[in-house]
Amino acid sequence: AARDAPPPPPQPQLPSNSELSSSELIRSERSNSGFKCVYKVDSAATPYCVQIWRKGTTVTLGYYSTAEEGARVYAATPEGIADLAARDAPPPPPQPQLPSNSELSSSELIRSERSSTGFKGVYK
């Protein structure tokens with residue numbers, strides 16, 4: 001029976017981390033390297049450290065000679081893939097504009113028989 005099951009639908013094909021151009025990598029103004037989860041830690045041969053936060057623990061993924069190399073490593077992680085997908089997702093639809101309080105007519109306000117003012121949530 002399991003052999004007769006149809007194959008799963010194809011997943012959208014994301015570019016591999018090696019196919020991403022430098023401008024497509026995930027940038028960060030807060031990181032001293034300019035890339036998310038990539039930090040310059042010293043001036044040795046591999047000064048860029050890639051660290052992610054996973055299940056309440058900092059996980060170091062390695063040390064790399066360039067920030068871009070570290071950014072490609074991050075882009076290949078589940079966290080990086082999710083960041084790329086969220087960044088490339090279409091923006092949410094605009095929210096309907098609610099009228100301001102000054103634009104409401106008295107017939108649109110919520111009346112209350114228990115309030116001394118006659119309106120719900122308004123008291124003297």
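The following paragraphs describe the fold, burial, surface and side-chain pairing of a predicted model.

The model is a prediction, in which local features were considered only at pLDDT of at least 70 and side-chain atom pairs only at pLDDT 80 or more, whereas totals for chains, interfaces and linings use all residues. Residues are numbered from 1 along each chain as its sequence is written, and side-chain values rest on heavy atoms, with hydrogens and water left out. The mean pLDDT (the predictor's confidence in each residue, from 0 to 100) is 83 for the chain, and 81% of the residues reach 70 or more. Among the elements of the chain, strand S1 has the highest mean pLDDT, at 95, and helix H2 the lowest, at 90. Where pLDDT is low, the predicted coordinates should not be read in detail.

The chain contains three strands and two helices, which follow one another from the N terminus in the order β-β-β-α-α; these elements are DSSP runs, with helices (H or I) of at least four residues and strands (E) of at least two, numbered from the N terminus. Strands S1 and S2 span residues 38–40 and 48–54, strand S3 spans 57–64, helix H1 covers residues 67–75, and helix H2 covers residues 78–88. Of contacts (heavy atoms within 4.5 Å) between residues at least 6 apart in sequence, 31% join residues at least 24 apart. Of the 124 residues, 23% are buried, where buried denotes under 20% relative accessible area, exposed over 50%, and partly exposed the range in between, with a 1.4 Å probe and protein chains only.

Helix H1 contributes Ala 67, Gly 70, Ala 71, Arg 72, Tyr 74 and Ala 75 as its buried residues, and the cover over these residues includes S1, S2, S3 and H2. Ala 75 lies 9.7 Å from Cys 37, C-alpha to C-alpha, although the two residues are 38 apart in sequence. Cys 37 is located in the segment before S1 and is buried, with a relative accessible area of 13%. Leaving aside residues up to four places away in sequence, Cys 37 touches Cys 49, Val 50, Gln 51, Ile 52 and Tyr 74. Cys 49 is itself buried, at 2% relative accessibility. The structure nevertheless holds zero disulfides, a disulfide being a pair of cysteine sulfur atoms within 2.5 Å.

Backbone geometry sets two residues apart for comment. Most residues other than glycine have a negative phi, but Cys 37, which is not a glycine, has a positive phi of about 70°. Lys 55, likewise not a glycine, has a positive phi of about 50°. Lys 55 is placed in the loop between S2 and S3 and is exposed, with a relative accessible area of 85%.

The chain exposes about 9,800 Å², of which carbon and sulfur atoms supply 55%; accessible areas were obtained by the Shrake-Rupley method with a 1.4 Å probe, and for residues only the protein chains shown count as cover. Tyr 39, Val 41 and Tyr 63 form a nonpolar surface patch with about 280 Å² of accessible area together. Patches consist of residues with over 30% relative accessible area and no salt bridge, with like charges joined within 9 Å and nonpolar side chains (Val, Leu, Ile, Met, Phe, Trp, Tyr) within 5 Å. Within this patch, Val 41 occupies the loop between S1 and S2 and is partly exposed, with a relative accessible area of 45%.

Four salt bridges were counted, each defined as a side-chain nitrogen of Lys or Arg within 4 Å of a carboxyl oxygen of Asp or Glu. Asp 83 pairs with Lys 36, with the closest N and O atoms 2.7 Å apart. This pair links distant parts of the chain, since Asp 83 belongs to helix H2 and Lys 36 to the segment before S1, 47 residues apart. Asp 83 is partly exposed, at 22% relative accessible area, as is Lys 36, at 31%. Glu 79 forms a salt bridge with Arg 54, the closest N and O atoms again being 2.7 Å apart. Here too distant parts are linked, with Glu 79 in helix H2 and Arg 54 in strand S2, 25 residues apart. Glu 79 is partly exposed, with a relative accessible area of 22%, and Arg 54 is partly exposed at 31%.

Another salt bridge joins Arg 72 and Glu 68, with the closest N and O atoms 3.1 Å apart. Because Arg 72 and Glu 68 are four residues apart in helix H1, about one helical turn separates them. Arg 72 is buried, at 18% relative accessible area, whereas Glu 68 is partly exposed, at 30%.
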